[in-house]
Amino acid sequence: MTLMDDMHKFGHEQVLFSYDAVTGCRAIIAIHDTTLGPALGGCRVIDYADQSKALKDALLLSRGMTYKAAVAGLPLGGGKAVVMGDVNRLRSRAFFHAFGRFVNSFAGRYITSVDMNTRYEDLRWMSEVSPYVSGLVYSAEQGGVSYATAVGVYYGLKAALKDRLSCDSFAGLRVAVQGVGSVGASLCEFLHEDGAQLVVADINNERLETMVKKYGASVVDTDAIHAHDVDVYAPCARGGILNDQTIPEMKAKIVGGAANNQLEDPDRHGALLAERGILYAPDYVINAGGLMHASYGLDGASHSDLMVKVKGIEATLDDIFSQSKKEGVLPHLISYAIGKKHILEAKKHTQPFSQAYKPPFKK
Ligand code: NAD
């Protein structure tokens with residue numbers, strides 16, 4: 001299959017490969033669909049085994065962003081940036097300046113933010129050369145993009161608790177959090193405050209130790225956390241972790257977390273979870289808090305308005321779960337249909353390639 005075949009299959013508008021010889025910054029930026037607005041999606045830096053894996057990530061993640069924005073009712077399209085390499089070796093101001101210039105080449109059709117292995121300092125560096133960076137407006141005390149994502153996941157899981165366990169508190173429940181980075185660590189804080197017993201896994205021992213010290217979490221192996229005897233499994237690291245090998249081993253009754261593209265094959269593995277009686281909170285619905293943060297930052301809306309919107313993920317999932325029961329259709333298919341409907345409606349009035357963000361100031 002060629003890249004053009006994939007773009008046709010998934011419905012992508014544009015994919016850009018960029019390379020900066022001075023800093024070694026190598027990026028793929030994929031724009032999936034800009035019917036609802038300019039494409040917004042974070043930038044991740046991963047030392048991919050090969051370019052095809054990076055490209056697959058960019059294509060799937062950008063498509064997920066389209067549906068995330070559509071279901072959340074945001075005037076945004078879907079995009080994603082994937083930078084290839086070891087961030088600890090490559091991170092520098094010049095490196096993220098190069099990336100910011102790649103972003104500028106879309107002239108507002110793509111807006112970037114944080115994702116795996118990128119952090120606030122990186123965004124600040126990008127924003128020195130590009131006005132198309134979001135996620136910097138609210139102060140650190142108010143919480144950033146990842147904090148908003150964690151708030152949304154926490155409230156979204158409450159909807160799942162009501163549906164599957166007939167309770168709306170985590171008191172006495174066991175929750176397995178896979179990945180305790182920017183989102184996972186904040187999620188652990190909220191779950192701990194609500195009385196959950198935490199089981200955590202990460203490849204970063206320092207982060208694990210913090211969770212043990214702060215919240216009394218138990219540590220398990222990264223390859224075994226999905227199979228741990230818990231009530232809720234919250235994937236907050238890489239995608240593709242709900243698959244033929246992991247689903248039959250799962251004991252949790254609910255799965256929902258920050259990671260994007262959790263279902264390796266949405267049709268097959270969505271159905272397999274349902275067969276095993278496991279409620280799946282669709283990833284791009286439950287993890288939309290970060291996108292809401294990024295979008296509200298562009299609009300200049302207040303932080304309290306933002307938090308109302310993020311906590312509203314609970315009500316959105318309440319509706320999806322109840323519609324799912326009523327219609328006998330799985331939650332991830334209900335949310336896909338909701339997103340698709342918004343996009344098809346908007347396509348009646350929007351030309352492709354016509355949506356670009358106009359920054360309020362000139363750089
Ligand atoms: P992060 O890089 O801050 O944290 C990821 C954590 O996962 C790190 O601690 C890392 O060591 C750990 N990890 C990596 N591989 C692992 C493995 N195999 N097993 C266990 N742990 C592993 O990233 P983040 O910003 O917290 O994002 C986490 C996930 O949530 C990603 O899939 C990201 O795309 C998604 N997401 C993030 C946001 C956001 O606002 N940051 C929004 C939506 C979705």
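**Note on the predicted model: strands, ligand shell and two loop residues**

1. Strands β1 (residues 14–20) and β2 pair in the antiparallel sense, with seven bridges between them. This is a predicted model. S18 stands opposite A27 in β2. The hairpin of β1 and β2 has four residues between the strands, and in it G24 takes a positive phi near 80 degrees.

2. On to the second partner of β2. Strand β5 (residues 77–84) runs antiparallel to β2, and six bridges join the two. I31 stands opposite G79 in β5.

3. How enclosed is β2 by the rest of the structure? Strand β2 spans residues 25–33, and eight of its nine residues are buried, so the strand is largely enclosed. Buried here means under 20% relative accessible area.

4. A separate sheet deserves a look. This one is open, has six strands and pairs in parallel. Its order is β9-β8-β7-β10-β11-β12. The edges are β9 (218–219) and β12 (279–280), each pairing on one side only. At the β12 end, β11 (residues 254–255) and β12 are joined by two bridges in the parallel sense. I254 has L279 in β12 as its bridge partner.

5. Helix α4 covers residues 93–104, which makes 12 residues. From first C-alpha to last, α4 reaches 16 Å, close to the 16 Å expected at 1.5 Å a residue. The buried residues of α4 are F95, F96, H97, A98, F99, G100, F102 and V103. An α-helix has 3.6 residues a turn, so residues three or four places apart point the same way. In α4, F95 and F99 are both buried, and so are F99 and F102.

6. Now the ligand. Which residues are closest to it? They are R44, T149, D202, R207 and A237, out of 25 residues that surround the ligand. By class, the shell has 10 nonpolar, 10 polar and five charged residues.

7. Three polar approaches to the ligand can be listed. A ligand nitrogen is 3.1 Å from an N or O atom in the side chain of S146. A ligand oxygen is 2.8 Å from an N or O atom in the side chain of S182. At N117 the partner is a polar backbone atom, 3.2 Å from an oxygen of the ligand. On its own the ligand has 830 Å² of accessible area, and the protein covers 89% of that.

8. Which elements give two or more residues to the shell around the ligand? They are α6 (145–165) and α7 (182–193). The largest share, three residues, comes from α6.

9. N117 merits a check of its backbone. Its phi is positive, about 70 degrees, although N117 is not a glycine. The residue sits in the loop between β6 (110–111) and α5 (120–129). With 40% relative accessibility, N117 counts as partly exposed. Recall that a polar backbone atom of N117 is 3.2 Å from a ligand oxygen.

10. S166 is another residue with positive phi. Its value is near 50 degrees, and S166 is a residue other than glycine. S166 lies in the loop between α6 and β7 (174–178). Is S166 buried or exposed? S166 is exposed, because its relative accessible area is 66% and the cut-off for exposed is over 50%.

How values were computed
Residues are numbered from 1 along each chain as its sequence is written. Side-chain values use heavy atoms; hydrogens and water are left out. The expected span of a helix is 1.5 Å times one less than its number of residues. Buried means under 20% relative accessible area, exposed over 50%, partly exposed in between (1.4 Å probe, protein chains only). A residue is near a molecule or strand if one of its heavy atoms lies within 4 Å of it. A polar contact is a pair of N or O atoms within 3.5 Å; within protein, one must be able to donate a hydrogen and the other to accept it, and residues adjacent in sequence count only if both atoms are side-chain atoms. Accessible areas come from the Shrake-Rupley method with a 1.4 Å probe; for residues, only the protein chains shown count as cover. Ala, Val, Leu, Ile, Met, Phe, Trp, Tyr, Cys and Pro count as nonpolar, Asp, Glu, Lys and Arg as charged, and the others, Gly among them, as polar. Two strands pair if DSSP finds at least two bridges between them.
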